[in-house]
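Student: Got a minute to go through this one with me? I'd like to start with the charged side chains.

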Amino acid sequence: MLSLIQAAGWPIWPIIFASVVALGIIGERMWTLRLSVISPKELLPKVLSEYKRGGVNPEMLAHLQKHSPLGRILAAGLKNVKSSREIMKESIEESGRVVAHDLSRYLTTLGTIAALSPLMGLFGTLVGMIEIFGSNSPTGSNPAQLAYGISVALYNSAFGILVAIPSMIFYRHFRAKVDDFVIEMELQALKLIEIVHGERES
């Protein structure tokens, strides 16, 4: 691996740094964006059961807010449970926008890496081309410098694309996952509103 880095020259270091950041984001988002963590299936039935048993209390709201992103949305609605349906819905929508923003954390960085990695590879290619042209002189060409220029150009192009492809795949995957979570949480919150206001039994 060290020999590859040496052959690719100094332009490879920004690509390596970008790959480390991308790998960290992918691992963190895979761990964070899990159904059991974001929108547990059993949470709404538990909340409704507790609400019907004892109503809303500060301890219940505090526990919900710390429980999960879905809990934060449900807690925002229950804070306004005595208000009209419209006010309760507005408070849930406001909380939902904040939660959606939190779920998208680091995804902009991952998308940026996916877009910039090929450009960083292209920059390395240009550096390699400069080395190639520099190997020619009036007295003849320098084979070692020529070979080095070619290796810099090719390795940087390859590494740039190698970083960009999985970054783009996971960026799109996480974006779709966040959208799915947001829709699921909206449906759960709507169900809560309807049940609380007597428009739905369960």
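**Salt bridges, a serine and a pocket**

Tutor: Arg72, Asp102 and Arg105 are linked in a network of salt bridges. A salt bridge here is a side-chain nitrogen of Lys or Arg within 4 Å of a carboxyl oxygen of Asp or Glu. This is a predicted model, where local features need pLDDT of at least 70, side-chain atom pairs count only at pLDDT 80 or more, and totals for chains, interfaces and linings use all residues. Residues are numbered from 1 along each chain as its sequence is written, and side-chain values use heavy atoms, with hydrogens and water left out.

Student: How many salt bridges does that rule give?

Tutor: The count comes to four salt bridges.

Student: OK, what's the N to O distance for arginine 72 and aspartate 102?

Tutor: Their side chains meet at 3.2 Å, N to O. The pair links distant parts of the chain, with arginine 72 in helix H6 (residues 69-79) and aspartate 102 in helix H7, 30 residues apart. Helices are DSSP runs (H or I, at least four residues), numbered from the N terminus.

Student: And lysine 41, which residue does that one pair with?

Tutor: Lysine 41 forms a salt bridge with glutamate 184, and the closest N and O atoms are 4.0 Å apart. Lysine 41 sits in the loop between helix H3 (35-38) and helix H4 (43-54), glutamate 184 in helix H9, 143 residues apart.

Student: Is lysine 41 buried or exposed?

Tutor: Exposed, because its relative accessible area is 53%; the cut-offs are buried under 20%, exposed over 50% and partly exposed in between (1.4 Å probe, protein chains only). Glutamate 184 is at 22%, so it counts as partly exposed.

Student: Switching topic: where is serine 167?

Tutor: Serine 167 is in helix H9, and it is buried at 2% relative accessibility.

Student: What does its side chain reach?

Tutor: The serine 167 side chain reaches the backbone oxygen of valine 163 at 2.8 Å. Leaving out residues up to four places away in sequence, serine 167 touches Ala22, Leu110, Ile113 and Ala114, where contact means heavy atoms within 4.5 Å.

Student: Last thing, what's the volume of the largest pocket?

Tutor: About 250 Å³. Of the 13 residues lining the largest pocket, the closest to its centre are Lys89, Ile92, Glu93, Glu186 and Ala189. A pocket is an open set of points on a 1 Å grid where a 1.4 Å probe fits, with protein on both sides within 12 Å along at least five of seven lines, and lining residues have an atom within 4 Å of a point.

Conventions. Grid points are joined across faces, edges and corners, and a volume is the space filled by probe spheres set on the points. Helices (H or I, at least four residues) and strands (E, at least two) are DSSP runs, numbered from the N terminus. A polar contact is a pair of N or O atoms within 3.5 Å; within protein, one must be able to donate a hydrogen and the other to accept it, and residues adjacent in sequence count only if both atoms are side-chain atoms.
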